[in-house]
Amino acid sequence: NGRMIGMVSERDYTRKVILRGKASRNTPVREIMSSPAITVSPENTVEQCMRIMTEQRTRHLPIVEIGRLVGIVSIGDLVNWTLAAQAEQIRQLKDYISGGYPA
């Protein structure tokens with residue numbers, strides 16, 4: 001019915017199929033998916049998402065709005081955004097220190 005009921009990651013596959021000697025061809029996704037899925041809303045901050053990922057030991061977070069999946073954010077997405085934001089802040093501080101910052 002369009003609801004998210006779980007999520008399958010490489011970790012799920014490795015731990016629940018390969019390491020248990022199961023065959024991919026004969027293993028239903030429902031047997032290996034993480035359920036319920038850990039989700040966030042579009043209103044969650046980057047910091048909140050990073051905290052959730054660290055605490056839950058996950059590398060992907062589905063983004064759900066009004067019960068519908070609207071996207072997925074990865075730890076790589078969040079790290080890249082954080083690095084870009086820090087680089088911009090450093091550039092602004094350098095401009096300020098050198099007198100190039102607009103008043």
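In this predicted model, a good place to begin is Glu10, which is partly exposed, with a relative accessible area of 45%. Glu10 forms a salt bridge with Arg59, and the closest N and O atoms of the two are 2.2 Å apart. This pair ties together distant parts of the chain, since Glu10 belongs to helix α1 whereas Arg59 sits in the loop between α3 (46-56) and β1 (60-65), and 49 residues separate them. Arg59, like its partner, counts as partly exposed, because its relative accessibility of 43% falls between the 20% below which a residue is called buried and the 50% above which it is called exposed. Side chains of opposite charge can pair when their charged atoms come close. A search of the whole structure finds six salt bridges, and the link between Arg59 and Glu10 is one example of such a contact.

Helix α1 also leads to the largest pocket of the model, which has a volume of about 400 Å³. There are 17 residues lining this pocket, and those closest to its centre are Ser9, Asp12, Ser34, Arg57 and Thr58. Two elements, α1 and β1, give two or more residues to the lining, and of the elements it is α1 that gives the most, with five residues. Rolling a probe the size of a water molecule over the atoms shows where empty space is left.

The same helix, α1, spans residues 10-18 and includes Ile18. Ile18 is partly exposed, with a relative accessible area of 48%, and together with Tyr13 and Leu19 it forms a nonpolar patch on the surface. The accessible area of these three residues together is about 300 Å².

Further along the chain comes helix α4, which covers residues 75-97 and has 23 residues. From its first C-alpha to its last, α4 reaches 33 Å, close to the 33 Å that is expected at 1.5 Å a residue. Just after this helix, Gly99 takes a positive phi of about 90°.

Which residues does Arg91 meet in salt bridges within this part of the model? One partner is Glu88, with the closest N and O atoms 2.5 Å apart, and another is Asp95, where the N to O distance is 2.7 Å. The spacing along the helix helps to place these contacts: Arg91 and Glu88 are three residues apart in α4 and are therefore separated by about one helical turn, while Arg91 and Asp95, both also in α4, are four residues apart, again about one turn of the helix. Through salt bridges that share partners, Glu88, Arg91 and Asp95 are joined into one network. An α-helix has 3.6 residues a turn, so residues three or four places apart point the same way. Each member of the network is partly exposed, as the relative accessibility is 32% for Glu88, 40% for Arg91 and 26% for Asp95.

A last stop is Glu55, which is found in helix α3. Is Glu55 buried or exposed? With a relative accessible area of 55%, Glu55 is exposed, because the limit for that class is over 50%. Glu55 and Thr82 are 27 residues apart along the chain, and their C-alpha atoms are separated by 18 Å.

Terms used
Residues are numbered from 1 along each chain as its sequence is written. This is a predicted model: local features need pLDDT of at least 70, side-chain atom pairs count only at pLDDT 80 or more; totals for chains, interfaces and linings use all residues. Side-chain values use heavy atoms; hydrogens and water are left out. Patches are made of residues with over 30% relative accessible area and no salt bridge: like charges are joined within 9 Å, nonpolar side chains (Val, Leu, Ile, Met, Phe, Trp, Tyr) within 5 Å. Accessible areas come from the Shrake-Rupley method with a 1.4 Å probe; for residues, only the protein chains shown count as cover. A salt bridge is a side-chain nitrogen of Lys or Arg within 4 Å of a carboxyl oxygen of Asp or Glu. Buried means under 20% relative accessible area, exposed over 50%, partly exposed in between (1.4 Å probe, protein chains only). The expected span of a helix is 1.5 Å times one less than its number of residues. On a 1 Å grid over the protein atoms alone, a cavity is a set of points where a 1.4 Å probe fits but cannot get out, and a pocket is an open set with protein on both sides within 12 Å along at least five of seven lines; lining residues have an atom within 4 Å of a point. Grid points are joined across faces, edges and corners, and a volume is the space filled by probe spheres set on the points.
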